[in-house]
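Here are some exercises to work through with the viewer open. Try each task yourself before you read its solution.

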Number of protein chains: 2
Amino acid sequence: MAATKSFTRSPCAVANSLDIVGDKWSLLVVRDLLHGKRTYGELADSPERIPTNILADRLKRLEDAGIVTSTPYQQRPVRYAYTLTSKGKDLGDVLLAFVRWGKRHIPGTVVLGEAKAEGKRTTRKPATRRARRKRGS
Amino acid sequence: MAATKSFTRSPCAVANSLDIVGDKWSLLVVRDLLHGKRTYGELADSPERIPTNILADRLKRLEDAGIVTSTPYQQRPVRYAYTLTSKGKDLGDVLLAFVRWGKRHIPGTVVLGEAKAEGKRTTRKPATRRARRKRGS
DNA sequence: TCCAGTGACTTGCATTTTGCAAGTGATTAG
DNA sequence: CTAATCACTTGCAAAATGCAAGTCACTGGA
(Lines give C-alpha, C1' and ligand atoms only; values in the text may rest on other atoms or scores of the structure.)
Protein backbone atom coordinates (compact mmCIF):
# COMPACT_ATOMS: atom_id res chain seq x y z
CA MET A 1 0.00 0.00 0.00
CA ALA A 2 1.82 3.01 -1.16
CA ALA A 3 0.40 6.48 -1.27
CA THR A 4 -0.53 6.47 2.36
CA LYS A 5 -1.36 10.07 2.61
CA SER A 6 -3.52 9.80 5.69
CA PHE A 7 -6.63 11.33 4.27
CA THR A 8 -8.40 13.91 6.33
CA ARG A 9 -11.77 12.31 6.11
CA SER A 10 -11.72 9.12 4.07
CA PRO A 11 -10.04 7.74 0.96
CA CYS A 12 -13.13 8.51 -1.08
CA ALA A 13 -12.32 10.37 -4.29
CA VAL A 14 -15.37 12.57 -3.91
CA ALA A 15 -14.61 13.49 -0.30
CA ASN A 16 -11.04 14.39 -1.13
CA SER A 17 -12.01 16.39 -4.18
CA LEU A 18 -14.45 18.31 -2.03
CA ASP A 19 -11.74 18.99 0.52
CA ILE A 20 -9.91 20.84 -2.23
CA VAL A 21 -12.61 22.54 -4.26
CA GLY A 22 -15.70 21.96 -2.15
CA ASP A 23 -16.64 25.51 -1.33
CA LYS A 24 -18.59 28.28 -2.96
CA TRP A 25 -15.73 30.06 -4.66
CA SER A 26 -12.93 27.76 -5.79
CA LEU A 27 -14.72 26.34 -8.78
CA LEU A 28 -15.82 29.80 -9.88
CA VAL A 29 -12.19 30.86 -9.96
CA VAL A 30 -11.39 27.78 -12.01
CA ARG A 31 -14.30 28.60 -14.32
CA ASP A 32 -12.93 32.09 -14.91
CA LEU A 33 -9.43 30.81 -15.48
CA LEU A 34 -10.84 28.34 -17.97
CA HIS A 35 -12.56 31.23 -19.68
CA GLY A 36 -9.26 32.97 -20.19
CA LYS A 37 -8.98 35.36 -17.27
CA ARG A 38 -5.50 35.61 -15.92
CA THR A 39 -4.95 38.45 -13.50
CA TYR A 40 -6.16 39.12 -10.01
CA GLY A 41 -8.13 42.08 -11.23
CA GLU A 42 -9.91 40.17 -13.96
CA LEU A 43 -10.76 37.43 -11.52
CA ALA A 44 -12.08 39.89 -8.97
CA ASP A 45 -14.27 41.43 -11.64
CA SER A 46 -16.56 38.48 -12.12
CA PRO A 47 -20.29 38.99 -11.68
CA GLU A 48 -20.27 37.06 -8.42
CA ARG A 49 -18.03 39.69 -6.86
CA ILE A 50 -15.76 37.47 -4.84
CA PRO A 51 -14.35 39.32 -1.82
CA THR A 52 -10.71 40.11 -2.52
CA ASN A 53 -9.40 38.46 0.59
CA ILE A 54 -11.21 35.27 -0.34
CA LEU A 55 -9.85 35.48 -3.86
CA ALA A 56 -6.28 35.82 -2.59
CA ASP A 57 -6.84 32.90 -0.25
CA ARG A 58 -8.43 30.65 -2.88
CA LEU A 59 -5.65 31.40 -5.32
CA LYS A 60 -3.14 30.39 -2.68
CA ARG A 61 -4.96 27.19 -1.87
CA LEU A 62 -5.46 26.27 -5.49
CA GLU A 63 -1.80 26.84 -6.10
CA ASP A 64 -0.86 24.67 -3.13
CA ALA A 65 -3.13 22.00 -4.53
CA GLY A 66 -1.39 22.15 -7.89
CA ILE A 67 -4.43 23.41 -9.71
CA VAL A 68 -3.13 26.83 -10.69
CA THR A 69 0.33 28.28 -11.24
CA SER A 70 1.29 31.88 -10.88
CA THR A 71 3.97 33.40 -13.01
CA PRO A 72 5.15 36.96 -12.56
CA TYR A 73 4.40 39.05 -15.59
CA GLN A 74 5.85 42.22 -14.15
CA GLN A 75 8.68 42.85 -11.79
CA ARG A 76 8.71 46.19 -10.05
CA PRO A 77 5.60 45.70 -8.18
CA VAL A 78 5.63 41.98 -8.66
CA ARG A 79 2.40 40.92 -10.27
CA TYR A 80 1.29 37.46 -11.18
CA ALA A 81 -0.70 35.93 -13.97
CA TYR A 82 -2.61 32.86 -12.91
CA THR A 83 -3.10 29.88 -15.16
CA LEU A 84 -4.47 26.40 -14.76
CA THR A 85 -2.24 23.37 -14.66
CA SER A 86 -3.46 20.25 -16.43
CA LYS A 87 -4.87 19.15 -13.11
CA GLY A 88 -6.81 22.37 -13.03
CA LYS A 89 -7.94 22.10 -16.62
CA ASP A 90 -9.28 18.65 -15.91
CA LEU A 91 -11.73 20.25 -13.53
CA GLY A 92 -13.46 21.42 -16.68
CA ASP A 93 -15.39 18.16 -16.72
CA VAL A 94 -16.66 18.81 -13.22
CA LEU A 95 -17.66 22.32 -14.23
CA LEU A 96 -19.42 20.93 -17.26
CA ALA A 97 -21.35 18.49 -15.11
CA PHE A 98 -22.43 21.35 -12.87
CA VAL A 99 -23.45 23.40 -15.89
CA ARG A 100 -25.60 20.62 -17.25
CA TRP A 101 -27.21 19.99 -13.91
CA GLY A 102 -27.77 23.66 -13.21
CA LYS A 103 -29.24 24.40 -16.60
CA ARG A 104 -31.57 21.47 -16.30
CA HIS A 105 -32.69 21.98 -12.74
CA ILE A 106 -32.30 25.62 -11.80
CA PRO A 107 -34.57 27.68 -14.03
CA GLY A 108 -33.03 30.77 -15.48
CA THR A 109 -29.43 29.86 -15.13
CA VAL A 110 -27.08 30.23 -18.03
CA VAL A 111 -23.50 29.60 -18.88
CA LEU A 112 -21.49 32.75 -18.58
CA GLY A 113 -19.91 33.48 -21.89
CA GLU A 114 -22.70 31.99 -23.91
CA ALA A 115 -25.47 33.82 -22.16
CA LYS A 116 -27.65 34.71 -25.08
CA ALA A 117 -27.35 33.23 -28.54
CA GLU A 118 -28.65 29.99 -27.15
CA GLY A 119 -28.85 28.69 -30.65
CA LYS A 120 -27.42 25.46 -31.87
CA ARG A 121 -23.97 26.79 -32.21
CA THR A 122 -22.46 26.13 -28.85
CA THR A 123 -19.93 28.85 -28.93
CA ARG A 124 -17.93 27.92 -25.97
CA LYS A 125 -14.52 29.30 -25.38
CA PRO A 126 -14.67 33.03 -25.98
CA ALA A 127 -11.63 33.40 -28.18
CA THR A 128 -9.13 35.20 -26.05
CA ARG A 129 -9.32 38.74 -27.14
CA ARG A 130 -6.82 40.29 -24.94
CA ALA A 131 -3.67 42.13 -25.64
CA ARG A 132 -0.61 40.22 -24.72
CA ARG A 133 1.13 41.43 -21.66
CA LYS A 134 4.81 41.57 -21.78
CA ARG A 135 5.96 38.57 -19.96
CA GLY A 136 9.02 37.31 -21.71
CA SER A 137 11.08 39.96 -19.96
CA MET B 1 -41.58 32.83 -16.57
CA ALA B 2 -41.35 31.91 -12.97
CA ALA B 3 -37.68 32.54 -13.22
CA THR B 4 -37.90 35.82 -11.40
CA LYS B 5 -35.78 34.43 -8.71
CA SER B 6 -33.22 37.19 -8.60
CA PHE B 7 -30.16 35.06 -8.23
CA THR B 8 -28.07 35.55 -5.17
CA ARG B 9 -24.82 35.92 -6.99
CA SER B 10 -25.26 35.69 -10.74
CA PRO B 11 -27.31 33.73 -13.27
CA CYS B 12 -24.39 31.41 -13.88
CA ALA B 13 -25.39 27.76 -13.70
CA VAL B 14 -22.21 26.86 -11.90
CA ALA B 15 -22.56 29.59 -9.30
CA ASN B 16 -26.14 28.63 -8.57
CA SER B 17 -25.35 24.95 -8.38
CA LEU B 18 -22.61 25.74 -5.91
CA ASP B 19 -25.03 27.78 -3.83
CA ILE B 20 -26.99 24.59 -3.36
CA VAL B 21 -24.40 21.85 -3.11
CA GLY B 22 -21.18 23.79 -2.88
CA ASP B 23 -19.97 22.74 0.50
CA LYS B 24 -18.01 19.89 1.96
CA TRP B 25 -20.94 17.70 2.96
CA SER B 26 -23.95 17.97 0.68
CA LEU B 27 -22.53 15.93 -2.16
CA LEU B 28 -21.35 13.25 0.24
CA VAL B 29 -24.89 12.87 1.47
CA VAL B 30 -26.06 12.60 -2.13
CA ARG B 31 -23.34 10.04 -2.78
CA ASP B 32 -24.56 7.90 0.11
CA LEU B 33 -28.16 8.21 -0.97
CA LEU B 34 -27.14 7.09 -4.46
CA HIS B 35 -25.43 4.14 -2.88
CA GLY B 36 -28.67 3.05 -1.31
CA LYS B 37 -28.50 4.45 2.19
CA ARG B 38 -31.78 5.79 3.40
CA THR B 39 -32.01 6.44 7.10
CA TYR B 40 -30.43 9.11 9.22
CA GLY B 41 -28.41 6.52 11.06
CA GLU B 42 -27.01 4.95 7.92
CA LEU B 43 -26.11 8.37 6.61
CA ALA B 44 -24.42 9.35 9.85
CA ASP B 45 -22.40 6.15 9.72
CA SER B 46 -20.35 7.04 6.68
CA PRO B 47 -16.56 6.99 6.97
CA GLU B 48 -16.39 10.77 6.85
CA ARG B 49 -18.32 10.99 10.12
CA ILE B 50 -20.50 13.93 9.36
CA PRO B 51 -21.53 15.74 12.54
CA THR B 52 -25.16 14.96 13.26
CA ASN B 53 -26.28 18.55 13.42
CA ILE B 54 -24.74 19.17 10.01
CA LEU B 55 -26.41 16.06 8.64
CA ALA B 56 -29.80 17.21 9.87
CA ASP B 57 -29.19 20.63 8.38
CA ARG B 58 -27.99 19.33 5.01
CA LEU B 59 -30.94 16.99 4.77
CA LYS B 60 -33.25 19.92 5.39
CA ARG B 61 -31.55 22.09 2.80
CA LEU B 62 -31.41 19.31 0.26
CA GLU B 63 -35.10 18.72 0.79
CA ASP B 64 -35.87 22.42 0.41
CA ALA B 65 -33.89 22.37 -2.81
CA GLY B 66 -35.94 19.47 -4.13
CA ILE B 67 -33.02 17.10 -4.18
CA VAL B 68 -34.21 14.66 -1.55
CA THR B 69 -37.61 13.64 -0.24
CA SER B 70 -38.33 12.25 3.17
CA THR B 71 -41.10 9.75 3.73
CA PRO B 72 -42.04 8.45 7.14
CA TYR B 73 -41.44 4.75 7.42
CA GLN B 74 -42.53 4.50 11.02
CA GLN B 75 -45.10 6.36 13.03
CA ARG B 76 -44.78 6.16 16.77
CA PRO B 77 -41.54 7.91 16.98
CA VAL B 78 -41.89 9.31 13.53
CA ARG B 79 -38.88 8.36 11.44
CA TYR B 80 -38.05 9.25 7.89
CA ALA B 81 -36.41 7.48 5.02
CA TYR B 82 -34.58 9.82 2.69
CA THR B 83 -34.47 9.26 -1.03
CA LEU B 84 -33.28 11.23 -4.00
CA THR B 85 -35.65 12.92 -6.38
CA SER B 86 -34.79 12.83 -10.07
CA LYS B 87 -33.13 16.19 -9.58
CA GLY B 88 -31.01 14.58 -6.91
CA LYS B 89 -30.24 11.52 -8.97
CA ASP B 90 -29.04 13.75 -11.77
CA LEU B 91 -26.29 14.92 -9.46
CA GLY B 92 -24.81 11.51 -10.10
CA ASP B 93 -23.07 12.94 -13.14
CA VAL B 94 -21.45 15.61 -11.03
CA LEU B 95 -20.35 12.97 -8.53
CA LEU B 96 -18.97 10.91 -11.37
CA ALA B 97 -16.97 13.87 -12.65
CA PHE B 98 -15.52 14.36 -9.18
CA VAL B 99 -14.69 10.69 -8.93
CA ARG B 100 -12.84 10.73 -12.22
CA TRP B 101 -10.96 13.86 -11.32
CA GLY B 102 -10.13 12.65 -7.83
CA LYS B 103 -8.97 9.25 -8.94
CA ARG B 104 -6.77 10.79 -11.59
CA HIS B 105 -5.30 13.59 -9.53
CA ILE B 106 -5.40 12.67 -5.88
CA PRO B 107 -3.25 9.58 -5.38
CA GLY B 108 -4.73 6.90 -3.21
CA THR B 109 -8.33 7.86 -3.51
CA VAL B 110 -10.92 5.27 -4.34
CA VAL B 111 -14.61 5.04 -4.98
CA LEU B 112 -16.42 3.96 -1.88
CA GLY B 113 -18.43 0.89 -2.61
CA GLU B 114 -16.14 -0.46 -5.24
CA ALA B 115 -12.98 -0.21 -3.20
CA LYS B 116 -12.17 -3.76 -2.37
CA ALA B 117 -14.75 -6.25 -1.30
CA GLU B 118 -16.42 -3.83 0.97
CA GLY B 119 -19.61 -5.14 -0.42
CA LYS B 120 -21.93 -5.79 2.41
CA ARG B 121 -25.64 -5.73 2.47
CA THR B 122 -26.06 -2.20 3.61
CA THR B 123 -29.43 -2.31 2.04
CA ARG B 124 -31.24 -2.47 5.30
CA LYS B 125 -34.72 -1.89 4.10
CA PRO B 126 -37.00 -0.18 6.55
CA ALA B 127 -39.93 -2.44 5.89
CA THR B 128 -42.92 -1.03 7.68
CA ARG B 129 -44.15 1.68 5.49
CA ARG B 130 -47.27 3.30 6.71
CA ALA B 131 -47.60 6.70 5.23
CA ARG B 132 -50.06 8.57 7.26
CA ARG B 133 -48.95 11.78 8.77
CA LYS B 134 -46.99 14.48 7.18
CA ARG B 135 -44.13 16.38 8.56
CA GLY B 136 -45.34 19.70 9.79
CA SER B 137 -42.30 21.75 10.64
C1' DT C 1 -42.12 -0.97 37.29
C1' DC C 2 -37.77 0.96 36.75
C1' DC C 3 -33.80 1.56 34.14
C1' DA C 4 -30.24 1.15 30.73
C1' DG C 5 -30.10 1.29 25.61
C1' DT C 6 -31.00 2.80 20.80
C1' DG C 7 -32.23 5.68 16.86
C1' DA C 8 -33.01 10.19 15.34
C1' DC C 9 -32.41 14.39 16.04
C1' DT C 10 -31.47 19.27 18.90
C1' DT C 11 -29.00 22.42 21.55
C1' DG C 12 -24.91 24.74 23.42
C1' DC C 13 -21.07 26.72 22.75
C1' DA C 14 -16.01 27.20 20.99
C1' DT C 15 -13.53 27.42 16.83
C1' DT C 16 -13.12 28.44 12.02
C1' DT C 17 -14.45 30.52 7.82
C1' DT C 18 -16.85 34.31 5.46
C1' DG C 19 -17.37 38.89 3.87
C1' DC C 20 -17.46 43.87 3.97
C1' DA C 21 -14.64 47.83 4.36
C1' DA C 22 -10.64 50.10 4.73
C1' DG C 23 -5.59 50.10 4.49
C1' DT C 24 -0.92 49.41 2.16
C1' DG C 25 2.96 49.46 -1.19
C1' DA C 26 4.66 50.21 -5.75
C1' DT C 27 4.18 52.87 -9.67
C1' DT C 28 2.16 55.86 -13.11
C1' DA C 29 -0.80 59.91 -14.62
C1' DG C 30 -1.41 64.78 -13.98
C1' DC D 1 3.65 66.63 -5.15
C1' DT D 2 -0.95 64.66 -5.26
C1' DA D 3 -4.40 61.56 -7.15
C1' DA D 4 -5.33 57.28 -9.08
C1' DT D 5 -4.51 52.15 -10.03
C1' DC D 6 -3.55 47.54 -9.29
C1' DA D 7 -2.92 43.79 -6.38
C1' DC D 8 -3.24 42.48 -2.32
C1' DT D 9 -3.64 42.67 3.37
C1' DT D 10 -5.76 43.55 7.63
C1' DG D 11 -9.50 44.18 10.91
C1' DC D 12 -13.16 42.78 12.65
C1' DA D 13 -18.37 41.29 12.78
C1' DA D 14 -21.31 37.73 11.27
C1' DA D 15 -22.20 33.17 9.79
C1' DA D 16 -20.97 28.33 9.35
C1' DT D 17 -18.78 24.28 11.35
C1' DG D 18 -17.90 20.71 14.69
C1' DC D 19 -17.70 18.41 19.07
C1' DA D 20 -20.22 17.02 23.06
C1' DA D 21 -24.14 16.51 25.45
C1' DG D 22 -29.12 16.55 25.80
C1' DT D 23 -33.94 15.24 24.35
C1' DC D 24 -37.81 12.20 22.77
C1' DA D 25 -40.10 8.12 21.87
C1' DC D 26 -39.89 3.96 22.35
C1' DT D 27 -37.55 -1.36 23.44
C1' DG D 28 -35.77 -4.98 25.95
C1' DG D 29 -34.39 -6.74 30.34
C1' DA D 30 -34.12 -7.37 35.68
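The exercises below go from single chain to paired chains, and then to the DNA.

This is a predicted model, in which local features need pLDDT of at least 70 and side-chain atom pairs count only at pLDDT 80 or more, while totals for chains, interfaces and linings use all residues. Residues are numbered from 1 along each chain as its sequence is written, and chains are lettered from A and ligands numbered from 1 in the order in which they are written.

**Exercise 1. Describe the fold of chain A.**

Step 1: list the elements. Chain A has 6 helices and 2 strands (DSSP runs numbered from the N terminus, with at least four residues of H or I for a helix and at least two of E for a strand). Along the sequence they follow the order α-α-α-α-β-β-α-α.

Step 2: look at the strands. E1(A), residues 68–74, pairs with E2(A) in the antiparallel sense over 6 bridges (pairing needs at least two DSSP bridges). The hairpin that links E1(A) to E2(A) runs through 4 residues. One bridge partnership is that of A:Gln74 with A:Arg79 in E2(A).

Step 3: check burial. Of the 137 residues in chain A, 34% are buried. Here a residue is buried with 20 or more other C-beta atoms within 10 Å of its own, exposed with 12 or fewer, and partly exposed in between, the C-beta atoms being placed from the backbone.

**Exercise 2. Work out how the two copies are related.**

Step 1: superpose them. A turn of 180° with a shift of 0.0 Å along the axis lays chain A on chain B with an RMSD of 0.1 Å (least squares on the C-alpha atoms of residues with pLDDT of at least 70 in both copies). The two copies are therefore related as by a two-fold rotation axis. In chain A, the C-alpha nearest this axis belongs to A:Asp23, at 2.4 Å.

Step 2: take stock of the contact. Chain A puts in 43 residues and chain B 44 residues (two residues are in contact if their C-beta atoms, placed from the backbone, lie within 7 Å). On the chain A side, H1 (13–21), H2 (26–34) and H6 (92–105) each supply at least two residues, and H6(A) gives the most, with 12 residues. That side of chain A divides into 22 nonpolar, 8 polar and 13 charged residues. The classes are: Ala, Val, Leu, Ile, Met, Phe, Trp, Tyr, Cys and Pro nonpolar; Asp, Glu, Lys and Arg charged; the others, Gly among them, polar.

Step 3: compare the two sides. Because 100% of the interface residues of chain A are also interface residues in chain B, the copies meet through the same surface.

**Exercise 3. Compare B:Val14 with B:Arg9: which is buried and which is partly exposed?**

Step 1: place them. B:Val14 sits in helix H1 of chain B, while B:Arg9 lies in the segment before H1 of chain B.

Step 2: count neighbours. B:Val14 is buried because 26 other C-beta atoms lie within 10 Å. B:Arg9 has 17 C-beta neighbours inside 10 Å, so B:Arg9 counts as partly exposed.

Step 3: list contacts, leaving out residues up to four places away in sequence. B:Val14 touches A:Leu27, A:Leu28, A:Arg31, A:Leu95, A:Phe98, A:Val99 and A:Gly102. B:Arg9 is in contact with A:Glu48, B:Ala15 and B:Asp19.

Step 4: put B:Val14 in context. The largest nonpolar core holds 59 residues, and B:Val14 is among those with the most contacts inside it, as are A:Val94 and A:Phe98. Such a core is a set of buried Ala, Val, Leu, Ile, Met, Phe, Trp, Tyr and Cys residues joined through C-beta atoms within 7 Å. A:Val94 touches B:Val94, B:Ala97, B:Phe98 and B:Trp101, with residues up to four places away in sequence not counted.

**Exercise 4. Find the residues around each DNA strand.**

Step 1: take DNA strand C. It has 18 residues around it, the closest being A:Arg76, B:Tyr40, B:Gly41, B:Asn53 and B:Ala56 (near means a C-beta atom, placed from the backbone, within 6 Å). This surface has 8 nonpolar, 6 polar and 4 charged residues.

Step 2: take DNA strand D. Of its 15 surrounding residues, A:Tyr40, A:Gly41, A:Asn53, A:Ala56 and B:Arg76 come nearest. By class there are 6 nonpolar, 6 polar and 3 charged residues near DNA strand D.
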